[in-house]
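Q: Please take a close look at the loops between strands in this structure. I should like to understand individual residues there, one after another.

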Amino acid sequence: MSSRLFIGLLVALVGCKSDQGVTLQDDGSVAPGDGEEETEWTEEELEAFEGATLVILEPTSGAFVPLGEGADFEAELLDTDGEPIEFDEITWTSNAQDTWVPSGIAFEDDTLDAGLHDLSVEAQLPNGDRLNTTVGGIRVQHEDAGIYAGALYVDTTAEYEGTELTTTCIGSATLIVDVYGETATGESVCTIALLGYEIDAGHVFDFANDEGDLTGAASIDLTVLEYEFEIEGEIDDGELSATWSDDVYGYAAIAGELDLVRITRNTELE
């Protein structure tokens with residue numbers, strides 16, 4: 001190949017690259033970072049960023065976000081008059097989850113881990129300003145999670161000298177459904193009065209939660225004996241109910257009931 005033909009091909013190749021927006025340096029090499037499109041802002045547009053503020057619209061501080069369910073996240077950049085500025089180069093972070101780093105002005109997401117999150121947004125503005133803001137106490141957990149409190153009812157029926165006697169003890173109960181909504185555990189005590197005797201009946205509850213269906217055990221400690229009942233119940237919209245019954249060693253028939261409501265989404269007793 002002649003040198004003239006080689007130079008001609010080289011010039012044609014360079015011309016083709018130049019048409020694609022590639023700039024050659026004096027030595028003929030491609031300029032670093034070339035080929036990337038950059039937004040060019042007018043002086044008037046840049047002025048709009050002066051004094052701008054960054055706010056988070058959703059979620060708000062202390063909001064509840066159901067674990068594994070899509071939730072809305074939205075931020076906004078405002079000018080000095082409080083009018084929105086069209087700008088979506090915003091990065092989100094969480095103090096409780098290093099791997100959560102979405103970007104954008106508004107989106108839906110379901111990947112926050114269970115826990116308490118402080119969510120921050122940051123924007124690097126075209127005029128060189130860097131803005132950031134934070135909302136705190138975002139609680140992410142299962143919809144059923146929380147502390148439930150209410151009443152415990154236990155009916156005890158026994159036979160004495162051919163007469164059937166029934167007594168009911170009423171007590172308070174507290175159960176905690178964990179942040180993942182997988183278990184419900186708690187304790188309660190009530191006093192059974194029968195045949196002139198009073199017996200403190202301590203209960204320990206240990207349930208598994210399967211999308212609102214509760215199964216597990218209620219253990220009762222009557223001091224003189226202990227017994228474990230199979231128990232079934234449900235959780236629905238902040239209400240927890242359960243029942244159990246059995247004939248205890250042929251001495252007495254015991255039937256119990258829980259009727260609780262969620263008093264807080266917190267999952268730790270103070």
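A: The following account goes through several loops of this predicted model in sequence order.

The loop between β1 (53-58) and β2 (64-66) contains P59. The peptide bond that joins E58 to P59 is cis, with omega at about -5 degrees.

Further along the chain, Q97 sits in the loop that runs between β4 (90-94) and β5 (106-109). Its relative accessibility is 7%, and because buried means under 20%, Q97 counts as buried. Which residues is Q97 in contact with, leaving aside neighbours within four places in sequence? They are T111, L112, D113 and H117. For T111 there is a further detail: a polar atom of the Q97 side chain lies 3.1 Å from the backbone oxygen of T111.

Two later loops each hold a residue with a positive phi. In the loop between β11 (197-210) and β12 (213-221) one finds E211. Although E211 is not a glycine, its phi is positive, at about 50 degrees. E211 has a relative accessibility of 68%; since exposed means over 50%, E211 counts as exposed.

The loop between β13 (226-236) and β14 (239-248) holds D237. Here too the residue is other than glycine, and the phi of D237 is positive, near 50 degrees. With 70% relative accessibility, D237 counts as exposed.

To draw the accessibility values together: Q97 is buried, whereas E211 is exposed and D237 is exposed.

Conventions:
Residues are numbered from 1 along each chain as its sequence is written. This is a predicted model: local features need pLDDT of at least 70, side-chain atom pairs count only at pLDDT 80 or more; totals for chains, interfaces and linings use all residues. Side-chain values use heavy atoms; hydrogens and water are left out. Helices (H or I, at least four residues) and strands (E, at least two) are DSSP runs, numbered from the N terminus. Buried means under 20% relative accessible area, exposed over 50%, partly exposed in between (1.4 Å probe, protein chains only). A polar contact is a pair of N or O atoms within 3.5 Å; within protein, one must be able to donate a hydrogen and the other to accept it, and residues adjacent in sequence count only if both atoms are side-chain atoms. Contact means heavy atoms within 4.5 Å.
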